[in-house]
Structure formats: C-alpha cells, structure tokens
Amino acid sequence: MAAADDSFDQNDGDDLFQYEEEETGEPQSEVTIASGTGGRKRLFSKELRCMMYGFGDDQNPYTESVDLLEDLVIEFITQMTQRAMEVGRSGRVQVEDVMYLIRKDKRKYARVHDLLNMNEELKKARKAFDEVKYAGT
C-alpha cells in the first residue's frame, strides 16, 4: 500500500495538465485542463455547485471538481443533441427524439416523463391564474 502512495506522490498529477506553448516554444503562464476547455465560459457552475452541495459535497466545492463535472455535462448534452438530430428531422431536436433515445434507460425516461408532466401542470396553473387575474380587473 505504501508503494502505491509513494508513486502517487512522485507523479504530482503532471499528466492531468497540458501546458499550452506559443510558436516560440515557451510555455504560457496559464495551465489548461487536458480537455481543452480552459478558456471558455462556464455555463452551469452555480447550479452544479448547489447540486454538489445538495448531494453531500462541501458548500464551496473545489473549482476543479465543478469544472470537471461541467465538462461531463456539456459532453453528455452535446452527444445527446447530435444523436437526437440524427434520429429525427434533420436540423431540429424535438422532445420525442430525446424520449426515443432514452427509452431503454428507465430512470432517465421516468424522470423526463415526470418533468414533462410537471411542465404541463405548471402551464395549466399559470393559465388559470392569468384568467382569474384578468377576470378580477
């Protein structure tokens, strides 16, 4: 067990990072994660931090953890979108296409079905609220 710990300490995680170099061959001062998404704006950081905290992580999780999770989420969304575009009408992604892709994953299918039902209920409630609001004036 100690040998494994020693080898980990010697590695220092250098293989996790990719140093960008200019044409001159000199390393830049910034280090970019190997996935190549170091310079792009993070879209879901706030939501992912809250979700991580809700699932038992620290209230302020490591930025690297949030970034890694966001990279996984973006990759999943991209792959599902591309697959949905191949399945349905070209150039358009519809709910039915996504439902078709996740039909074999019972948990995802049930969750999407529940969310779609809840969305319909919220639409009906908003419509009823607006009708009552306008009828009262």
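This is a selection-by-selection tour of a predicted model.

**Whole chain**

Start with the protein chain in cartoon. It has 5 helices and 2 strands. Follow the sequence and the elements come in the order α-β-β-α-α-α-α. Now switch on the surface. The accessible area is about 11,800 Å². Carbon and sulfur atoms hold 54% of that area. Colour by burial next. Of the 137 residues, 12% count as buried. For a contact map, keep pairs with a separation of 6 or more. Residues 24 or more positions apart supply 25% of those contacts.

**Helix α2: the covered face**

Select residues 45-54, which make up α2. Which residues of α2 are buried? Show S45, L48 and M52: these are the ones. Look down the axis of the helix. The buried residues of α2 fall within an arc of 65 degrees, so they line one face. The spacing has a general background: an α-helix has 3.6 residues a turn, so residues three or four places apart point the same way.

Add α3 to the view. This helix is part of what covers the buried residues of α2. Then turn to the other side of α2. There K46, C50 and G54 are exposed. Step past the end of the helix to G56. Its phi is positive, near 105 degrees.

**S45: a link from α2**

Go back to S45 in helix α2. Buried or exposed? S45 is buried, because its relative accessible area is 18% and the cut-off for buried is under 20%. Show the residues around S45. Apart from neighbours within four places in sequence, S45 touches V66 and E70. The E70 contact has a polar component. The side chains of S45 and E70 make a polar contact at 3.3 Å.

**The loop before α2: R40 and R42**

Select the loop between β2 (27-33) and α2 (45-54). Pick R40, which sits in this loop. With 28% relative accessibility, R40 counts as partly exposed. Its contacts beyond four places in sequence are E70, D71 and I74.

Move to R42 and show the side chain as sticks. Add D67 and D71. In general, side chains of opposite charge can pair when their charged atoms come close. Start with D67. R42 and D67 form a salt bridge, with 3.4 Å from N to O. R42 is in the loop and D67 in helix α3, so far as sequence goes 25 residues apart. D67 counts as buried at 18% relative accessibility.

Now take D71. How far apart are N and O in the salt bridge between R42 and D71? The distance is 2.8 Å. This pair ties the loop between β2 and α2 to helix α3, across 29 residues of sequence. The same side chains also register as a polar contact at 2.8 Å. D71 lies in helix α3 and is buried, with a relative accessible area of 14%.

**Counting the salt bridges**

Display every salt bridge in the model. There are 4. Among them is the pair of D105 and K108. Zoom in on this pair: the closest N and O atoms are 3.6 Å apart. D105 is partly exposed, with a relative accessible area of 32%. K108 is partly exposed as well, at 37%. Return to the loop and α3 for the shared partners. R42, D67 and D71 are joined into one network by their salt bridges.

**Helix α3: the nonpolar patch**

Select residues 63-87, the span of helix α3. Which residues make the nonpolar surface patch? Show L68, L69 and L72 with their surface. Together they make a patch of about 260 Å². Centre on L69, which is found in α3. At 30% relative accessibility, L69 counts as partly exposed.

**Last view**

Keep α2, α3 and the loop before α2 on screen. Check three things. S45 reaches E70 through a polar contact. R42 meets D71 in a salt bridge. L68, L69 and L72 form the nonpolar patch.

Note on methods:
Residues are numbered from 1 along each chain as its sequence is written. This is a predicted model: local features need pLDDT of at least 70, side-chain atom pairs count only at pLDDT 80 or more; totals for chains, interfaces and linings use all residues. Side-chain values use heavy atoms; hydrogens and water are left out. Patches are made of residues with over 30% relative accessible area and no salt bridge: like charges are joined within 9 Å, nonpolar side chains (Val, Leu, Ile, Met, Phe, Trp, Tyr) within 5 Å. Accessible areas come from the Shrake-Rupley method with a 1.4 Å probe; for residues, only the protein chains shown count as cover. Helices (H or I, at least four residues) and strands (E, at least two) are DSSP runs, numbered from the N terminus. Buried means under 20% relative accessible area, exposed over 50%, partly exposed in between (1.4 Å probe, protein chains only). Contact means heavy atoms within 4.5 Å. The arc is that of the directions from the helix axis to the C-beta atoms. A polar contact is a pair of N or O atoms within 3.5 Å; within protein, one must be able to donate a hydrogen and the other to accept it, and residues adjacent in sequence count only if both atoms are side-chain atoms.
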